[in-house]
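Visitor: I would like to learn how to read the enclosed spaces and the helix packing of a structure. Could you take me through one, a feature at a time?

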Amino acid sequence: MEQVTDKPLTATEIAALDAYWRAANYLSVGQIYLLDNALLSKPLRPEDVKPRLLGHWGTTPGLNMLYVHLNRVIRLRDLDLMYVIGPGHGGPAIAANTWLEGSYSETYPDVSRDEAGMNRLFRQFSFPGGIPSHVAPDLPGSIHEGGELGYSLSHAYGAVLDNPDLIVACVIGDGEAETGPLAASWHSNKFIDPRTDGAVLPILHLNGYKIANPTVLARIGDDELNSLLEGYGYRPYLVSGDDPEIVHQQLAATLDRALDDIADIQYEAKAEPDAPRRDWPMIVLRTPKGWTGPHEVDGVLVEGTWRAHQVPLAGVRTSPEHLAQLETWLRSYRPEELFDDEGRPVPRLLDLVPEGDRRMGSNPHANGGLLSRDLKLPDLAEYAAEVPHPGAGPHEPTRTLGRYLRDVMRANEDQRNFRVFGPDETSSNRLEALYEVTGKAWNAGVLPTDEHLAVDGRVMEILSEHTCQGWLEGYLLTGRHGWFSCYEAFVHIVDSMVNQHAKWLKVTRKLPWRRPIPSLNYLLTSHVWRQDHNGFSHQDPGFIDHVVNKKAEVIRVYLPPDTNTLLSTAKHCLASHDYINVIVAGKQPQESWLDQEAAELHCARGLGVWPWASNDDGEPDVVMACAGDVPTLETLAAVTLLREHLPELRIRVVNVVDLMRLQPAAEHPHGLPDPEYDALFTTDKPVIFAYHGYPWLIHRLTYRRAGHENLHVRGYKEEGTTTTPFDMVVRNDLDRFHLAMDVIDRVPGLAQHAVEFRQWLIDQRTRHHAYILEHGDDLPEIRDWHWPVQEGTPS
């Protein structure tokens with residue numbers, strides 16, 4: 001592996017960098033261990049030490065070394081540079097460095113840059129009422145928590161999209177490098193346009209160990225590691241050693257070389273647009289785990305082993321030997337040289353700090369809401385489906401949405417702040433109108449048979465849901481807007497990532513200095529009810545259940561039943577901030593129920609009675625509720641059967657677009673007040689609810705409502721196979737015949753008057769089964785069913 005042998009630093013510069021590094025290390029150890037006595041102005045006592053020792057030391061000295069050297073190049077080159085840290089449990093390093101540079105104290109004035117502030121810095125770390133041990137939202141300069149490993153590199157690449165002057169130094173832990181998401185995200189360099197995007201400088205922190213095991217990349221040898229990284233399209237430079245003076249010199253020279261390479265690549269791309277893609281530089285930093293910490297503890301080797309991962313000295317409060325060893329460790333950094341009598345960093349350290357927003361803790365990209373600009377959103381009138389009567393069509397909801405997203409892209413070309421992300425499914429999900437204004441980002445080989453590939457494309461496709469999500473999160477966290485379309489069953493791949501993003505949003509809502517960022521918008525299509533051709537493996541509506549577990553102030557779930565409600569929902573979500581919006585909508589041709597005006601009013605309410613489908617005159621015998629496009633279709637078909645065979649039955653149809661309206665107002669900001677819920681659903685009449693997903697979620701959302709015992713939900717029951725569209729709903733008892741039977745069975749006194757009708761409904765299900773086995777298609781009266789125009793009035 002290539003090593004840079006230049007020696008750009010003088011002895012004085014090395015000494016200054018080393019002093020800063022020692023100060024950061026001292027502050028990091030202090031955070032892990034100390035409650036008081038921050039400057040060691042008196043001998044260390046057990047009561048100066050925290051009763052519970054939390055945090056991670058092993059990765060911290062390497063992160064501190066990188067921070068001071070990045071400060072050097074920022075000052076030298078006037079760089080706009082952000083720091084993303086994969087080993088996020090190195091939180092003490094970033095707290096230490098932002099405190100040293102002053103950005104922490106500017107964000108939290110009570111943690112001042114003096115002895116009192118240092119004591120607060122130490123006490124609050126991993127302490128009740130303080131800050132977490134990871135690089136959480138609380139830390140200025142961060143867009144990446146890092147508690148869950150694997151997403152640092154995709155976040156970094158998402159941050160530099162459309163930020164041509166930004167460089168992100170992304171530290172990847174060698175344990176993190178073993179995760180699937182990280183392994184896929186190395187390929188992000190094939191999706192960057194060097195002319196209009198910024199640059200990521202990956203830094204593989206090769207300190208050899210995870211919590212209790214060696215790391216793969218540390219044990220495969222330099223030749224194999226070099227081949228791996230070159231195969232990913234990088235030019236790796238090795239910095240290796242345990243002598244600080246040597247490592248300072250090597251790291252300075254290597255950073256200079258890497259930044260020169262980046263500048264050359266970007267210059268060449270602008271000067272020669274057709275120049276072939278070049279390998280981007282990266283750094284492999286090999287230093288001991290727990291560097292400069294206790295070499296041995298109780299006769300066992302610690303420094304340079306997995307034992308340094310967390311807290312090297314665990315018995316400090318009870319063991320005089322450990323307490324003495326901790327004091328020796330802290331004093332080895334010579335704090336008296338680094339801080340004055342009042343605990344302020346000495347001028348020698350402050351001279352190394354970049355100015356203002358050039359400090360990594362103050363970089364505005366790391367607080368993306370500061371830079372965010374709202375999208376220019378076209379009026380919906382031009383895109384709305386013509387609906388002269390309920391049931392008009394058919395229309396393809398997502399194809400229409402694609403035309404709207406195309407024009408959102410076009411309207412914001414000057415701002416360059418909108419991208420669409422998805423795992424190879426943009427065309428499959430019928431959003432291909434986007435390709436009329438942009439291509440798919442691609443900076444690798446192109447063949448004559450390829451379509452829509454473009455170095456400057458703004459549709460981001462890679463067959464890794466993790467990487468798509470990571471790119472989008474990095475893009476949003478730095479203030480831009482995006483849209484993620486995915487097959488419903490496979491969005492589960494990013495379940496854990498959406499957990500982390502939801503936690504980030506929850507925390508930032510309580511941090512007034514964190515400005516709101518654009519929402520994370522999901523379009524889940526190719527959904528459970530129309531995966532009849534792909535079969536059981538593609539059938540799972542459970543992502544809704546997953547996100548509903550998150551905090552109510554963050555989560556929104558929408559089930560638009562037709563084209564115009566989808567358009568209205570999409571526009572609303574694109575204009576929102578600090579939410580995770582989940583929209584579930586089909587892509588197949590289907591009926592439209594509401595014209596544009598009615599759709600916008602319905603979406604604004606979130607749910608409501610459809611008078612044209614109801615005949616209750618304010619006194620229903622039964623409420624037939626529905627949420628989702630296929631459940632809505634089956635509910636309306638059931639209504640036509642009931643009104644034909646039981647014309648005296650009074651039916652109220654309620655459609656739900658905003659799922660969160662079902663919760664009480666005390667449980668969710670969108671929750672419907674109890675009087676309004678009772679007026680819609682009644683307190684004493686049966687409610688037959690046809691729902692897109694797993695039925696128990698509706699019960700969970702409504703269990704506190706009056707009349708809950710009258711609620712009967714039909715939805716997906718984990719029954720599926722390769723079959724016809726209607727057979728999917730039959731298998732799960734969501735079909736029109738079963739819904740009509742539910743009405744007969746639940747409305748008091750109706751069963752004895754509808755015996756023959758109920759028997760006919762059973763027979764229709766039997767006919768259906770026999771027909772599909774013979775013909776491979778649904779019954780014509782099912783396949784070609786339409787809402788009868790004479791039964792409705794214009795919406």
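Guide: Let us begin with one lining: β1 contributes three residues to the second largest cavity, and no element gives more to that lining. Please keep in mind throughout that this is a predicted model.

Visitor: Which elements supply at least two residues of that lining, and which residues lie nearest the centre of the cavity?

Guide: At least two residues each come from β1 (80–85) and from α3 (91–101). The lining has 14 residues in total, and those nearest the centre are Tyr 83, Ile 85, Ile 94, Gly 141 and Ser 142. The volume enclosed is about 70 Å³, and by class the lining divides into nine nonpolar, five polar and no charged residues.

Visitor: What is the make-up of the largest cavity by class, and what is its volume?

Guide: The largest cavity has a volume of about 130 Å³, and its lining has four nonpolar, six polar and three charged residues. Of the 13 lining residues, Glu 145, His 155, Glu 473, Gln 500 and His 501 lie nearest the centre. Two or more residues are given to this lining by α15 (465–477) and by α16 (495–508), with α16 giving the most, namely three. As for the count, the structure holds four cavities of 30 Å³ or more.

Visitor: And the open spaces: how much space lies in the largest pocket, and which residues are closest to its centre?

Guide: About 620 Å³ of space lies in the largest pocket, which is lined by 27 residues, the closest to its centre being Arg 530, Pro 589, Glu 591, Leu 633 and Arg 783. The elements that give two or more residues to this lining are β8 (392–395), β17 (590–592), α20 (629–645), α23 (725–731) and α26 (780–783). Four residues, the largest share, come from α20, and the classes over the whole lining are 12 nonpolar, six polar and nine charged.

Visitor: Strand β8 is on that list; which of its residues takes part in a cis peptide bond?

Guide: That residue is Pro 394, which lies in β8 and is joined to Gly 393 by a cis peptide bond with omega of about 10 degrees. Another backbone detail to look at is Arg 334, which is not a glycine and yet has a positive phi of about 55 degrees; Arg 334 is found in the loop between α11 (320–331) and α12 (335–338).

Visitor: How should I read the packing of two helices?

Guide: The general description of two packed helices rests on the angle between their axes and the distance between those axes. Here, the axes of α2 (residues 60–77) and α3 come within 9 Å and cross at roughly 35 degrees, and the crossing is right-handed. On the α2 side the contact is made by Thr 60, Leu 63, Asn 64, Tyr 67 and Asn 71, which meet Pro 92, Ala 93, Ile 94, Asn 97, Thr 98 and Glu 101 of α3. By class, the residues of this contact are five nonpolar, five polar and one charged. Ile 94 thus appears in two settings, in this contact and among the residues nearest the centre of the second largest cavity.

Visitor: Where does pLDDT stay under 50?

Guide: Where pLDDT is low, the predicted coordinates should not be read in detail. In this model pLDDT stays under 50 over residues 791–795, for which there are 15 contacts beyond four places in sequence. For the protein, the mean pLDDT is 95, with 99% of residues reaching 70 or more.

Notes: Residues numbered from 1 in each chain as written. Predicted model: local features only at pLDDT ≥ 70, side-chain atom pairs only at ≥ 80, totals over all residues. Heavy atoms only, no water. 1 Å grid on protein atoms, 1.4 Å probe; cavity = no way out; pocket = protein on both sides within 12 Å on 5 of 7 lines; lining within 4 Å. Points joined across faces, edges and corners; volume = space filled by probe spheres on them. Nonpolar A, V, L, I, M, F, W, Y, C, P; charged D, E, K, R; others polar. Axes fitted to C-alpha atoms, helices over the stretch in contact; angles between N-to-C directions. Left-handed = near helix turned anticlockwise from the far one by under 90°. Contact = heavy atoms within 4.5 Å. pLDDT = per-residue confidence, 0-100.
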